[in-house]
Each structure stands twice: as structure tokens, then as C-alpha cells.
Amino acid sequence: MAAMAGSGLSNQTGAAVGALAFPVLGPLGVVAVRQYVAALVLLAVARPRPRAFTWRQWWPVLLLGGVFGSMNLSLYSAVDRIGLGLAVTLEFLGPLAIALAASRRRLDAGCAVLAAAGVVVLMRPRPSTDYAGMALGLVAACCWASYILLNRVVGRRVPGAQGAAAASAVSALAFLPAGVTVALAHPPTAGAVLCAVTAGLLSSAVPYLTDLLTLRHVPAQTFGLFMSVNPVLAAVVGWVVLGQGLGGAEWAGIGAVVTANAVSIATTRG
């Protein structure tokens, strides 16, 4: 339980620390560094053998690499515009949609309605509403849903964690031109680079290794329940680290999404 809670806290803290580098590197530069760090860690752990991959293995790996980068870029861009708590809550609609789509239970239909109500509250029209930021959060949700589906395909076709490592390397290579461009246009400071590297370690390396260990000891259902607290952790970390306070309505919207996910997972049999 401590490991699962620590993984979620590490993930959200990493995102918050990465946001501190936005004024220098921007979301694109921070995501580029994060992809490099994730690739180095996963390649060292999994040690894939790409030359042995067939095209049947390569095509989902390539798609996964593209989705991985797109997911992080859309999320960090959303964080830059609407804050960490709201961005992560909208992104969390991706796995929630996957969980609810395959169900035919009335309870899950109710969970979907509850989550939708939470989103309506979060996206309600106000003078300060950033619709572009909200849209980026929803793009991140679609990318996370695609990431889950592609991971299943890669997991069946590529042994161990080799597929995930190869996908992270593909993503890192795709972000290499962007990273060079950002560095030339806006020479990074040591502090900004340190924040971006820390984001890569806390949001990619630590959660990946921790979750890998945790899933050997706890059921997937329990793991999913703990994952559902991530929007709350993101909101708290965003407030503590970035000073991004939320009003009562925003907390209610986040609570609705978290509750819908938790109830759906907790009542799932098997």
C-alpha cells in the first residue's frame, strides 16, 4: 500500500517539478527531457532486442511510442494552462472510459453519469475558463486510453518489458529534434534542466519500477483502486508545489470522477 501511494505521489510531484521549468523550456522542452530519461531507464531495465522484432511486433510498438509522447505533451500543455489537478482529472477519463466501455451493468452506467457530471462542473463556462487547456486534457485522456489498449497488444506480442522500452526509445528519438530546437531557441538554465530530469525520474522511472514490483504482490483490482486517487494527489501537489488552489466546485468535480472510478473498480467481480 505504501508503494502504491508512493508511486502516485512520485508521479504527480514529478509533473509539478517539471512545471517549474515551463518558463524556460516550455511544456515541449520538459516533455522532451522526460522522454529521454524514460527511454534511458527502460532501456537499461528491459534491454530490448529490436533486431529480433518482426513487423507484427514493430507496428504496435511504433504506435505506442507515438501515443506515449503525445499523451505526455498534451498533459503537460494542459497543466501549463489549467493547472495540475484539473489536467490530471481530465486525463483520468481515459482509463475510466476503457473500464466502463466493456461493462453492461447499470451501476457502471451510473458511474459514467457521475463522471460526466463531474466533467460538466469542471468545464462549466466562466470568464476564466481556458477551453484550449480543457481540450488538451481531453486529448491526453484519449491518448491514455489508446496507450492502455496498445500496451495490451504489445504485451502479448513482445516478451517482458522489451516492447515498452522500445516504444520509449522511439518516442525519445521523435522528440530529439524538438529538444534541440528548444535548446537553441531558449538556452536552458541548469535549474530548468534539473527540474525536467527530476520530472522524468519521478514521473516515469520511479512509477514504472514501483508499479512493476507492486503488481507482483497485489491484485490488479486493488492497484486500480489506488490509481483512482491520482487526481486528488495531483490537486494537492499542485496546490502545495505550484500554488494552484481550487474552489469548492472544482473539488466536487474531481471527487465525482474519482468516486465513479473507485466504485466501478471496487464492484467489479474477478
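The following paragraphs describe the overall fold of the chain, its salt bridges, a buried serine and a nonpolar surface patch.

The structure is a predicted model. Its secondary structure consists of 12 helices and zero strands, so that the order of elements along the sequence reads α-α-α-α-α-α-α-α-α-α-α-α. The radius of gyration of the chain is 18 Å, close to the 18 Å given by the globule rule for 270 residues, and the chain is therefore as compact as a globular protein of that length. Along the principal axes, the C-alpha trace extends over about 50 × 45 × 30 Å. Among contacts in the chain with a separation of 6 or more, 88% involve residues 24 or more positions apart. Of the 270 residues, 48% count as buried. The accessible surface of the chain amounts to about 12700 Å², and carbon and sulfur atoms contribute 70% of this area.

Two salt bridges were counted in the model. In one of them, the side chains of Arg81 and Asp130 meet at 3.1 Å, N to O. Arg81 belongs to helix α3 (residues 55-82), whereas Asp130 lies in the loop between α6 (106-122) and α7; the pair therefore ties together parts that are 49 residues apart in sequence. Arg81 has a relative accessible area of 45% and is partly exposed. The other salt bridge joins the side chains of Arg124 and Glu250, with an N to O distance of 3.3 Å. Here Arg124 is located in the loop between α6 and α7 and Glu250 in helix α12 (residues 248-266), so this pair links parts that are 126 residues apart in sequence. The two partners can also be described by their accessibility: Arg124 is partly exposed, with a relative accessible area of 26%, while Glu250, at 8% relative accessibility, counts as buried because its value falls under 20%.

Tyr131 is situated in helix α7 (residues 131-157). The C-alpha atoms of Tyr131 and Arg81 are 9.3 Å apart in space, although the two residues are separated by 50 residues in sequence. When residues up to four places away in sequence are not counted, Tyr131 touches Met123, Pro125 and Arg126. With a relative accessible area of 45%, Tyr131 is partly exposed.

A buried position was examined in helix α9 (residues 190-214), which contains Ser204. The relative accessibility of Ser204 is 12%, and Ser204 therefore counts as buried, the limit being under 20%. Its side chain makes a polar contact of 3.0 Å with the side chain of Arg34. Arg34 also appears among the residues touched by Ser204, together with Ala38 and Ala199, again not counting residues up to four places away in sequence.

At the surface, a nonpolar patch of about 630 Å² is formed by Leu20, Val232, Val236, Trp239, Val240, Val241 and Trp251. Helix α11 (residues 230-242) supplies the largest share of this patch, namely five residues. One of the patch residues is Val241, which is found in helix α11. Val241 has a relative accessible area of 36% and is partly exposed, because this value lies between the 20% limit for buried residues and the 50% limit for exposed ones.

Key. Residues are numbered from 1 along each chain as its sequence is written. This is a predicted model: local features need pLDDT of at least 70, side-chain atom pairs count only at pLDDT 80 or more; totals for chains, interfaces and linings use all residues. Side-chain values use heavy atoms; hydrogens and water are left out. Helices (H or I, at least four residues) and strands (E, at least two) are DSSP runs, numbered from the N terminus. Buried means under 20% relative accessible area, exposed over 50%, partly exposed in between (1.4 Å probe, protein chains only). A polar contact is a pair of N or O atoms within 3.5 Å; within protein, one must be able to donate a hydrogen and the other to accept it, and residues adjacent in sequence count only if both atoms are side-chain atoms. Contact means heavy atoms within 4.5 Å. Patches are made of residues with over 30% relative accessible area and no salt bridge: like charges are joined within 9 Å, nonpolar side chains (Val, Leu, Ile, Met, Phe, Trp, Tyr) within 5 Å. Accessible areas come from the Shrake-Rupley method with a 1.4 Å probe; for residues, only the protein chains shown count as cover. A salt bridge is a side-chain nitrogen of Lys or Arg within 4 Å of a carboxyl oxygen of Asp or Glu. The radius of gyration is taken over C-alpha atoms; the globule rule is 2.2 Å times the number of residues to the power 0.38.
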